[in-house]
Amino acid sequence: MCGRYASSRQPDELAEEFEIDELRLQEPLTESYNVAPTNDVYAVLERPPRDEQPAGERQLRAVRWGLVPSWAKDAKIGNRMINARMETVAEKPAYRRAFAKRRCLLPADGYFEWYATDAVDQKGRARKQPYFITPKDGGVLAMAGLYELWPDPAKDEDDPTRWLWSCTVITTEAEDALGRIHDRMPLMVERERWDQWLDPAGPGDVGLLTPAAPGRLEAFPVSTLVSNVRNNGRELIEPLPLEEAWG
């Protein structure tokens with residue numbers, strides 16, 4: 001499961017990191033330390049060649065988190081399609097076409113998971129301690145994703161806003177060190193495999209996807225302020241002293 005993440009890097013930083021050929025952005029997104037489903041997020045992708053577009057052009061775009069299949073009758077379906085399981089992504093009708101030729105990378109500083117502790121609240125429910133999971137070296141997390149284009153039937157064909165771009169994060173079983181927090185984690189694409197993963201003419205191959213190498217990520221407790229999507233600031237990813245964290 002990946003339901004929240006942080007994304008604070010600017011387009012020029014991402015353009016250099018991912019060797020972007022063209023920024024397809026109306027305006028830069030606001031840095032966010034509490035990215036939530038239905039928010040616009042950055043996606044690195046390559047589009048098939050067009051008359052006016054050279055082959056292999058790598059783009060940085062802003063897309064909505066929550067994939068809306070091209071055949072969907074309503075965009076609201078995307079609200080529950082923020083993650084796609086690696087085990088079924090190549091077969092499920094909602095994802096298989098995108099997996100075949102609309103693969104992307106979703107850059108992140110790190111992501112959040114909630115751990116059910118032994119502590120209980122006033123209603124007797126287990127208190128959940130949020131953790132931030134991020135590369136130890138401070139680098140960018142290149143999460144494996146898929147994107148889709150959905151034509152809004154309520155808009156005219158010549159309306160430039162008719163097409164909704166959306167995405168989903170591909171997940172897998174969490175490695176042992178992180179599985180104690182949550183049993184799922186986003187899949188990563190290693191730098192040397194970016195070209196293969198993004199190539200729309202290449203075959204979709206789950207073999208290109210791997211959990212982060214053991215020891216590459218670190219996880220630490222953070223403030224419960226992140227549990228409210230209205231909170232958004234760098235303090236959300238600051239380590240919480242262990243004595244202040246729930247068990």
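**Questions on a predicted model**

Colleague: Strand β7 (residues 103-108) is mostly covered, with six of its six residues buried. Which residues of β7 are on one side, and which on the other?

Modeller: Bear in mind that we're looking at a predicted model. In a regular strand, side chains alternate between the two faces of the sheet. Both faces of β7 are covered here. On one side the buried residues are R103, L105 and P107, and on the other C104, L106 and A108.

Colleague: What is the bridge partner of P107 in β10?

Modeller: β7 and β10 pair in the antiparallel sense, and six bridges hold that pairing. For P107, the partner in β10 is A142.

Colleague: Sticking with β10, how far apart in sequence are the parts tied together by Y147 and W165?

Modeller: The whole structure has eight aromatic pairs. In the pair of Y147 and W165, the ring centres are 5.8 Å apart and the planes are at 10°; under 30 degrees counts as stacked, so this pair is stacked. Y147 belongs to strand β10 (residues 141-151) and W165 to strand β11 (residues 163-173), so the parts they tie together are separated in sequence by 18 residues.

Colleague: Is W165 buried or exposed?

Modeller: The cut-off for buried is under 20% relative accessible area. Its partner Y147 counts as buried at 1%. W165 comes out at 15% relative accessibility, so W165 too counts as buried.

Colleague: Which residues form one aromatic cluster?

Modeller: The search of the whole structure gave eight aromatic pairs. As for the cluster, its members are F112, W114, F132 and F220.

Colleague: Which are the edge strands of the five-strand open sheet?

Modeller: The order in that sheet is β3-β1-β8-β9-β13, with antiparallel pairing. An edge strand pairs on one side only, and that picks out β3 (32-35) and β13 (217-221).

Colleague: And what does the twist average from one strand to the next?

Modeller: The sheet in question is the open one that runs from β3 through β1, β8 and β9 to β13. From one strand to the next, its twist averages 30°.

Colleague: Which residue in β13 stands opposite P135?

Modeller: Strand β9 (residues 126-135) and β13 run antiparallel and are joined by five bridges. Opposite P135, in β13, stands L217.

Colleague: Now the empty space: which helix gives the most to the lining of the largest cavity?

Modeller: The count comes to one cavity of 30 Å³ or more, and the volume of the largest is about 40 Å³. Its lining includes P69, W71, Y95 and E148. By class, six lining residues are nonpolar, one is polar and three are charged. The helix that gives the most, with three residues, is residues 96-101, helix α2.

Colleague: What is the phi of E19?

Modeller: Most residues other than glycine have a negative phi, and most peptide bonds are trans. E19 sits in the loop between α1 (11-17) and β2 (22-24). With 59% relative accessible area, E19 is over the 50% cut-off, so E19 is exposed. E19 isn't glycine, yet its phi is positive, near 55°.

Colleague: T38 also has a positive phi, about 80°, although it is not a glycine. Is T38 buried, partly exposed or exposed?

Modeller: T38 lies in the loop between β3 and β4 (40-46). Its relative accessibility is 40%, and the class between under 20% and over 50% is the one that applies, so T38 counts as partly exposed.

Note on methods:
Residues numbered from 1 in each chain as written. Predicted model: local features only at pLDDT ≥ 70, side-chain atom pairs only at ≥ 80, totals over all residues. Heavy atoms only, no water. 1 Å grid on protein atoms, 1.4 Å probe; cavity = no way out; pocket = protein on both sides within 12 Å on 5 of 7 lines; lining within 4 Å. Points joined across faces, edges and corners; volume = space filled by probe spheres on them. Helix = DSSP H or I, 4+ residues; strand = E, 2+ residues; numbered from the N terminus. Nonpolar A, V, L, I, M, F, W, Y, C, P; charged D, E, K, R; others polar. Pairing = 2+ DSSP bridges. Axes fitted to C-alpha atoms, helices over the stretch in contact; angles between N-to-C directions. Phe/Tyr/Trp six-rings, centres within 6.5 Å; stacked < 30°, edge-to-face > 60°. Buried < 20%, exposed > 50% of the residue type's maximum accessible area, 1.4 Å probe, protein only.
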